[in-house]
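Let's take a walk through this model together, starting from the whole chain and ending at a handful of individual residues. Keep the viewer open as you read.

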Amino acid sequence: MSKTNPGRFFEDYTVGEVIEHAVPRTLSGGERALYHALYPARGAFYSSDEFARDCGLHEAPLDDLIAFHTVFGKTVPDISLNAVANLGYAEGRFLKPVHLGDTLTARSEVIGVKQNSNGKTGVVYVRTTGTNQLGEDVLSYVRWVMVRKGKLDAAAPDTVVPELADAVAASDLVVPEGLDFSGYNFAQSGEPHRLGDYEVGEKIDHVDGVTIEEAEHMLATRLWQNTAKVHFDVTNREGGRLIYGGHVISLARALSFNGLANAQIIVGLNAGAHVNPCMAGDTVRAWSEVLDTAETGVDGVGAIRLRLVAHRPEAEPFALRGEDGKYLPGVLLDLDYWALMPL
Amino acid sequence: MSKTNPGRFFEDYTVGEVIEHAVPRTLSGGERALYHALYPARGAFYSSDEFARDCGLHEAPLDDLIAFHTVFGKTVPDISLNAVANLGYAEGRFLKPVHLGDTLTARSEVIGVKQNSNGKTGVVYVRTTGTNQLGEDVLSYVRWVMVRKGKLDAAAPDTVVPELADAVAASDLVVPEGLDFSGYNFAQSGEPHRLGDYEVGEKIDHVDGVTIEEAEHMLATRLWQNTAKVHFDVTNREGGRLIYGGHVISLARALSFNGLANAQIIVGLNAGAHVNPCMAGDTVRAWSEVLDTAETGVDGVGAIRLRLVAHRPEAEPFALRGEDGKYLPGVLLDLDYWALMPL
Amino acid sequence: MSKTNPGRFFEDYTVGEVIEHAVPRTLSGGERALYHALYPARGAFYSSDEFARDCGLHEAPLDDLIAFHTVFGKTVPDISLNAVANLGYAEGRFLKPVHLGDTLTARSEVIGVKQNSNGKTGVVYVRTTGTNQLGEDVLSYVRWVMVRKGKLDAAAPDTVVPELADAVAASDLVVPEGLDFSGYNFAQSGEPHRLGDYEVGEKIDHVDGVTIEEAEHMLATRLWQNTAKVHFDVTNREGGRLIYGGHVISLARALSFNGLANAQIIVGLNAGAHVNPCMAGDTVRAWSEVLDTAETGVDGVGAIRLRLVAHRPEAEPFALRGEDGKYLPGVLLDLDYWALMPL
């Protein structure tokens, strides 16, 4: 029998099953430096040990999305090797900062399956949790993917579609232990705006753009040990290599520094859709919309809920859908997340 | 009002003003590894903890130009976001080695302004200082840039042009504390030549060349958190992305190892001009000219003043200017610096 | 006299001479992160401190091939700057894991010379040893290269062709001190197969492919401080930049995870040939053949001898040579190595 991993097909998932993903990963300053070389990340909290200390931590943790990508990457061989599409995210919560030297593992529980009416594919829902070497959960999120059936005659499973919250409740957001924005240095963070300066409904064009090269997205995707063929092998897919959706998330998030420099720490991932494929040569820009603001129960620490949209120049800032209600072809990503910000 | 940074215009600078630049940055072995992947850097002092120990330090510091790029990058949002051109450098002094774990911040004092006769632009002179987490200055240099006016009818300021030294005096160079070349290992450094083997006026063709790719210069420029649009966004400028001038400095400096392997530690930046734009696809070569040599007051440690010229193959080694006195089109960089070398 | 290194020519090598290579190098988590960004490396032993601890070590060492590339890179200025071709490897043994913070140096003993009948080139055999800062050898291997003569009238030296083993004897393989596979976690390593599951003669197609970009192989090659011009300067060679053979070795080895995830630790390099040039744009795939299996004398630790073949899609998996006995044009690498695997 073949020793290589063919990936799982739709009929291979059973609701309630827990999959322990392989290859734990220890992260270091190397991953951080690469993250900062791959994306124009400038959040002071993740850039400077001193700034993080002024915020109550003993050192700067690794960028929140490094944890996300590392955990996501581990799930690929078990969840999305035969995926047709990554359909959505929900109920994402960042539970604990990840520090240099931490080792992350990941496991996923299958929480829903629904065969499509064409009988050839189905949707699989998993809740994925990342855990550090102390057994502490650092991150948890739901994602659902469309997966091919391996055997078309496999019986359709009972449909289970999990009930998922539209957004993480502000009261469920986890503020990192010890976080204290009372000594927050707005000169060092790069912008003067605090939570009270943003209004729900406010939109911000982040102005800058980055044109993506093949080498960059492949370096990034390999760094997360994400092995999906479509990202690496030009012969695998007509039209060339697809860019890992997470690359666009990190790129857009980094671009959003310009206007949201104090939305320092991602703590919730409410929803997200990769609405059009991104390819090398695309120039990515970003805009944000303030969806909500909240207190966190920790003095001085507020939360801002943001829509983050990544788009090519062909889509204007703030344009999202056409008259038909569909996403415009130039829109790449529609993400909904919570970040911590000084009140 | 917009929350994004539009950058400063010429009329926004006042002589005497001190600008504290945002986003402190902690550096690690990750930045060093990337530096060595981006440039063919081989200086033994920065490559090996053991070699650095044999030279009296407790470990290898980060490459001198990592400090320069990190500090420079911090200044971009405040100094050169609306710059038309980076005109020059002077009075640069490296004051203290930067070690793994150090956090750098940067501040700039405006030391001169001069509106151009066209009324549309002006030259701004700043003295920029990089500081570590202990408040110790690690680097200081003057640069001047041509900046657009935002309001063409803004009154011209009184002209102040700072008096700048043609070169840092050898007596002002700072030798890192504890540096001792008495146990210098010429076999490990890669070349046998000591300061006495070089003559003023001697020219060295460094032979090797490197063809630059888009991904490389963008990785580098982001690593320094330099956000100038022209380097990243192919839609921003006819003709494509410009390469950050500092990328060419580091590339040429690394190439100069071949013939100057013992010019280990940059301690002074006397002058520098990016004389023609560099673009991806360009092959960069380098040659050097010995401008001066000096003692430093520290036993065994000499200083060599070098002109470092980066050029494309279309310019011959040692060719610099045409008959009209202008730099040849194939010349990219004309840099004048001091380095420490065993006597 | 020129201060730059022209490299050595065939007549410059004398059997018995020991060359101490320049530029010691301290390795950190930065090099590891870059290695994992450049290659789809997922071996759990090198990815996770926790996994390595479960295998009896105090932390994850740096990937075995990082040590190889670092040592190899140091030899280039002295051995292969004027090489026409890298002809082969033999008797390679990995003697000690390399850890973060270790500093490597390299030396080579000339063990054979043989002038070619054309009188213009010759073959030089060297045994290269890499050593850490404690003076412990970490790696030793023989390679032979074809080198140009500098002076065609230089007398041909007495021919000395060393007797080289076809393969390292299993009894000569060095198991890292303390290695213990009794707690080996097959769920975390990514595959269930142990040594007993493989049969001599078994072939495995590793399925995945990676299309190489110029920026990637140049980043990698510089990281190892390998300065051979052909890899960097597009004007240096008709047809463009050649990819460093070691880049293909690491790429193929990383791809072989899919089917050989538990062949964790390379301990022997029996033979290797870069049989066709690899260029940017090539898509690299890999297959393996089990050549032998052995016990190591350490409880639970077995050794597997593998042929690893890297190829472009134009060559089918398991195809190696044409009817004429020559390697097929789509084959890039034919490598023969030993790895440690749980019994």
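What follows goes from overall shape to strand pairing, and then to single residues.

First, some housekeeping: this is a predicted model, so bear in mind that local features need pLDDT of at least 70, side-chain atom pairs count only at pLDDT 80 or more, and totals for chains, interfaces and linings use all residues. Residues are numbered from 1 along each chain as its sequence is written, chains are lettered from A and ligands numbered from 1 in the order in which they are written, and side-chain values use heavy atoms, with hydrogens and water left out.

Let's begin with chain A as a whole. Its secondary structure adds up to 8 helices and 12 strands; here helices (H or I, at least four residues) and strands (E, at least two) are DSSP runs, numbered from the N terminus. The C-alpha trace spans about 60 × 50 × 40 Å along the principal axes of chain A. For 343 residues, a compact globule would have a radius of gyration near 20 Å, and chain A agrees with that at 20 Å. That radius is taken over C-alpha atoms, and the globule rule is 2.2 Å times the number of residues to the power 0.38.

What share of the 343 residues in chain A is buried? The figure is 63%, where buried means under 20% relative accessible area, exposed over 50%, and partly exposed in between (1.4 Å probe, protein chains only). The area that chain A exposes is about 11700 Å², with carbon and sulfur atoms supplying 48% of it; accessible areas come from the Shrake-Rupley method with a 1.4 Å probe, and for residues only the protein chains shown count as cover.

Contacts (heavy atoms within 4.5 Å) say something about how chain A is put together. Take those between residues at least 6 apart in sequence: 78% of them join residues at least 24 apart. As for charge, chain A has 30 positive and 46 negative charges, and their mean positions are 8 Å apart. Lys and Arg count as positive and Asp and Glu as negative, while His and the chain ends are not counted; each charge is placed at NZ of Lys, CZ of Arg, CG of Asp or CD of Glu.

Now find strand β4 (residues 103-115) of chain A, which pairs in the antiparallel sense with strand β1 (residues 18-20) over 3 bridges. Two strands pair if DSSP finds at least two bridges between them. In the β1 pairing, I19(A) sits opposite S108(A). Strand β2 (residues 25-26) of chain A also pairs with β4(A) in the antiparallel sense, over 2 bridges, and there T26(A) faces T103(A). Then comes strand β5 (residues 121-131) of chain A, antiparallel to β4(A) over 10 bridges, with R107(A) opposite T129(A). β4(A) and β5(A) form a hairpin with 5 residues between them, and G119(A) in the turn has a positive phi of about 75°.

Most residues other than glycine have a negative phi. F318(A) is not a glycine, yet its phi is positive at about 75°. Look for F318(A) in the loop between β11 (301-311) and β12 (331-342) of chain A; it counts as partly exposed because its relative accessibility is 33%. Over in chain C, E91(C) has a positive phi of about 50° without being a glycine either. E91(C) belongs to strand β3 (residues 83-94) of chain C, and at 18% relative accessibility it counts as buried.

How many of the 11 residues of helix α7 (residues 245-255) of chain A are buried? The count is 11 of the 11, so the helix is largely enclosed by the rest of the structure. Among them are H247(A) and R253(A).

Back in chain A, N82(A) occupies the loop between α4 (64-79) and β3 (83-94). N82(A) counts as buried because its relative accessibility is 10%. Leaving aside neighbours within four places in sequence, its contacts include P6(A), F9(A), M146(A) and R148(A). The C-alpha atoms of N82(A) and K229(A) are separated by 9.9 Å, with the two residues 147 apart along the chain.

Finish in chain C with D292(C), in strand β10 (residues 283-295). At 30% relative accessibility, D292(C) counts as partly exposed. Not counting residues up to four places away in sequence, D292(C) touches V200(C), A303(C), I304(C), R305(C) and W338(C).
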